[in-house]
Amino acid sequence: MTKPLLLAQQINSVSGNVTDEISGNPISRVEIRLVKTSLVNYTDTDGNFKIYNLPVGENILQFISDSYLIKKIPVTIDSSSVEIDLGQIRLTEKNTQQEEHYIMINEDELYSDSGEASNNITGVLSSSKDVFLRTVAFEFSQAFFKPRGLGSEFRTVMLNGTPMNKIYNSRPQWSNWGGLNDVFRNQVDHNNLTASEFIFSNLAGSINLITQRSSYRKGLKASYASSNRSYQNRLMMTYNSGAFKNNWFLTFSTSYRFANQGYREGTPYKALSFFTAVEKKFNKHHSLNITTIYANNFSGKSAPLTQEVLTLKNKRYNSYWGMQESKIRNSRVKRICEPIFQLNHFWDINASSSLQTGLTYQFGKTGNSRLDYGGGRIVYDTEDQPYLIGGGKNPYPDYYQNLPSYFLRNPENPDYSGAYLAEQAFLQNGQVNWENLYAANQTITLTGGNSIYALYEDRNDDRQFTFNSIFHKKINPSFDINAAVRYQNLQSENFGNLLDLLGGKGFLDVDIYEDDLEKAQNDLQDPNRTIKENERFKYNYKLSASNLYGFIQTQYHTKRTDAFVALNSEYSNYQRNGLFENGAYPGNASLGKSEKVSFFNFGIKTGVSYKLSGWHLFSMHTAYLTKAPVIQNTFSNIRENNELVENLNSEKHFEADLNYWFRHPKINAKLSTYFISLKDQTHIGFYFADGLTGLDFAETTAFVQEILTRIDKQNFGLELGIEIPVLMQWKIKGVAAIGQSVYTSNPDLYLTSDSFQGHLDYGKSFLKNYFTANGPQQAYSMGFEYNSSNYWWFSATANYFKNAYINIAPITRTANFYKNSDGMPISNYDEEIAKEMLRQEKFKAYTLINLVGGKSWKVNKYYIGFFASIGNLLNTDYKTGGFEQSRNANYNTLLEDKNREKPLFGPKYWMGYGTTYYTSVYFRW
C-alpha cells in the first residue's frame, strides 16, 4: 500500500492524472471511489480527475478500471485548506489473457453459418464493468445464449466508426479480422439502447474497434495457444513502434491458426491473418491513419444430427468428411478472404469540436462448398428426341436411405436384415467415401459420359465502398452534439463455381431432375453446356445495393442527470441483375435487371439516467425504428429469378428498458427489465416437401421456397448481475437472465418452386404463442474469482440453462396440414393427435462448469504470462439448437413418420461441446 500523504491543513480538493504504468498513456473513465462512502468520481478523456471536500481524517482513494489492477492511495488529513495534486498515478494492467481466451475460444461459434451458430451475439460482447454483460460474453456463449433474445444482426460492429455488418444479412463477418486479438483490445462498447457518439445503434447496441496509435503499447509481443475446439494451435506476433521521427507510428500483427480437425470430427481449420496500421500525426489538430486487414480463413463445417444418428454415433460425429489418400477431406468447407483497406482523417478542430472522416474499401470472396450428385448427359430416343439421364445417390452417410430406419419404415413388413447391414456399415464407416465417387465418375467417363459427382461452391465476390464522417461538438459543459453521415455501395457477384470434377472430364449444367430439357437449362443463353473446373454454373447474378444514412444526437449532462435524444434516417435500395437465363424462369423473369426496390426508414431513441447518490443510479431508455428487410429476405429465390417477395415492408422495432444500479464498497449490482417488439419481419426457407396441396397435378412433392411475411415477435424479461467482494482478493458473483421470446402473430405463408407455376398460398401459419428458437431463454450463473497480489488468478463458475426450444416448421402450422392432395379436409384428422405432434420440443436443462486461471511475471523489462481454462468440466451432453424438418408437410405424412419406431425425418440438432481446454503463453518486451 502506498505511504499515506500527511497534510498539514484541510483540503478542498484532490486532483491527479491516471496513466498506464508502461506506455504512459492516460486512462479515461477510471472510477475513483472514496472507500466507506458514496463519493465516486471518474477520470476524463485525458486521465485527469479532481475530487472536492474530502472529510478530515484518514481516507482511502480506490482507483478501479476493468483492464487494470485496483490501486489504493491512503490520504490522512487534518484541518486547514489546501489543494493537493497527487501527480501521476500509474496503474498496472491486469493479465489480459482471460479476455483473449474468451474471444479465441468462441471463434468457431462466430464463424459458423449453420443455424443457431451464425446468429450468435455473445461472442461479440466485450469486457465490461457490468457483471451481467461480462458473464454473457464469457460464460453463456457456449450455450448460444442471446441476450434479450436478439441475434448478431441487431448489434453493429464498427471499425474506427465505420459499420462492418454485411448488407446482405446485416450480420458481422467476424472472421474478416479474426485472430488479431492484440490489436483490437481497444473497444468502445455501447450495449442495448445506451447513447453512442458514433452511430444510432441497433437494439442490441454497438461496438467500435479502434486502431489509432493511442490504442497500442510500444513493444513486441509473441504468443502461442493450444486448444481442442475450432483450432489446435495458434501463433501470434504483434509489434508497435511508438513514435518514429516526424510523428510516424506503425503497428503490425499477424497470426496463424491451424488444426487437422477441431472438436468435431473431420473439421480442418487454417486461418492466416495480417494487420497493419500506419499513422502520421501532422500537428495537434490533424492526423491520418491507414489500416489494412487481411484474413484468409479455411474451415470445415459440421452437420446437424438426428436423434437416430446421435444414438448410433456421438456428439462429435460429422457426416461431411471422409478420408482420401490418408488425409481428412471435408466436403462442406467455408473459405473467406475479404481484405479491408481503411483511411481515416482525425481533425481536432478546437478544444470542443472534432471531425473524423473515413473511407473504407473491402473486397474479396466467400465460398461454401458441397457435393453435387446431379451430373448427367443427353441421349436420344428412337425418334431422335433428346432427353436427360444421370444423377447419383446422395453420397452423405447420414442420408435417410442409408440409415437403419429406412429399412424399418414399413411397420407391416420391416427389413431387419437390411437395417442390421445399414447399421453396421454406418457404425464401421459412416463417412463420405471419396474413392467411390472418383470410381463412379471414371467408370462413366469410359463410356463417354460426364461426371455424376462433383464438388462445387456457392460463391459471392463482393466489392464494398463506404464513406463515413462523424462530428462531435461540445456546446458547453452540459451539452454535446454528435452527428454522422454515411454512404455505402455494394457490388456483388454470386454464382456456383465448380471446384473439382472428382476424376471426370466435365459436368452438364442442367437440372437433372427436370424432365423438360428446355426447362432443365440453368442458362438458356448457352444450353447443354458442359463445364470444366473453375467455371460458373447453376446460377450467376449480380447484386447492387446502396445505403445513405444520417444521424444526429444531443446529450445533456448534470451532476445527477444524464439524458440524450437521437434521430436517424436511412435510404436503401437493392437490385438483382441476372446473368443466366434460367429455363424455369425464361426471359426477364431471370435474365437482366430486376425491379429496383427502395426503402426509406427512420428511428428515434431517448434515454435518461438519474444518480440518486453514489450508491443508487436509475436509467430508462426507449427506441422506435424502422429497418429495411435485408437482401437475403427481399427476393423469393434470388439464385434463379428476379421475383421480389410479395407485400414487402420495412420492419418496425420497439424497445424499452428500466435499469437500477447499486454501487457499494461491499456489493455491486444491476437489475434491468426490458420489453421488445419486432413487427413485419420476413423469412425465406428452402426444403423438399412431401404432402403439398393445391397442385394441378398428381404429384404432392416439390423442392420449394417458403416465404413468411408479417412475422411479429415479442421479447421481455429481467436481467440481474451481482458481485460481492468477500475478502480483499476474493469475489463472488451471480447472474440471472429470465426472459421469454415468442411469436405474436400468425404470419402469411406462400410457396414458390420450379415444379409449379405461380405461388401456393397457404394463408396464415399459426405460430402465435410458439417460442422463438433463440437459445436458452433462462440462464443463471454462480461463481467466484480470486486475484492474488502476486499476479496470479483463478475463477470457477457453474452455469445453468433452461427453456431452449426447437425451431418449428411453419408449413405444418398452415391449412395445408389438415388437407388431402385434392384440397379437401383429411377424413381421419384427430385434433388431439395433431396438437401433440405439433407441440414444440423443449430441450432438457443443463449445467456447465468452467474453470479458468493464469499467472504473469515481470523479469526485468520482460513480461511473461500463462493462461489455462477448462470448459464444460463434467462433459455434459446438451443441445444448443435444432429444427423440425419440413419434409412431412401434412397430417398424414407426419403421423406416418411419427408412428415409426425410428422416424425418417425427425428433428435435427446441434450439439454443444464436451470438455474442452485452452492454454496460452505470451512474451512481451
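The exercises below concern three residues, Q681, D384 and N647, of a predicted model.

**Exercise 1.** Place Q681 in the secondary structure, decide whether Q681 is buried or exposed, and list its surroundings.

*Solution.*
- Step 1. Q681 belongs to strand 36, which covers residues 667–690.
- Step 2. The relative accessibility of Q681 is 10%. The cut-off for buried is under 20%, so Q681 counts as buried.
- Step 3. Once neighbours within four places in sequence are set aside, the residues in contact with Q681 are F154, E651, L708, T709, R710, I711 and K713.
- Step 4. With K713 there is also a polar contact, side chain to side chain, at 3.5 Å.

**Exercise 2.** Find where D384 lies, give its phi, and decide whether D384 is buried or exposed.

*Solution.*
- Step 1. Strand 24 (376–380) and strand 25 (386–390) are joined by a loop, and D384 lies in that loop.
- Step 2. Phi of D384 is near 65°, which is positive, and the residue is not a glycine.
- Step 3. Relative accessibility is 56% for D384. Exposed requires over 50%, so D384 counts as exposed.

**Exercise 3.** Work through N647 in the same order: location, phi, accessibility.

*Solution.*
- Step 1. The loop between strand 34 (616–627) and strand 35 (651–664) contains N647.
- Step 2. N647, although not a glycine, has a positive phi of about 55°.
- Step 3. The relative accessible area of N647 is 51%. Because the cut-off for exposed is over 50%, N647 is exposed.

Conventions: Residues are numbered from 1 along each chain as its sequence is written. This is a predicted model: local features need pLDDT of at least 70, side-chain atom pairs count only at pLDDT 80 or more; totals for chains, interfaces and linings use all residues. Side-chain values use heavy atoms; hydrogens and water are left out. Helices (H or I, at least four residues) and strands (E, at least two) are DSSP runs, numbered from the N terminus. Buried means under 20% relative accessible area, exposed over 50%, partly exposed in between (1.4 Å probe, protein chains only). A polar contact is a pair of N or O atoms within 3.5 Å; within protein, one must be able to donate a hydrogen and the other to accept it, and residues adjacent in sequence count only if both atoms are side-chain atoms. Contact means heavy atoms within 4.5 Å.
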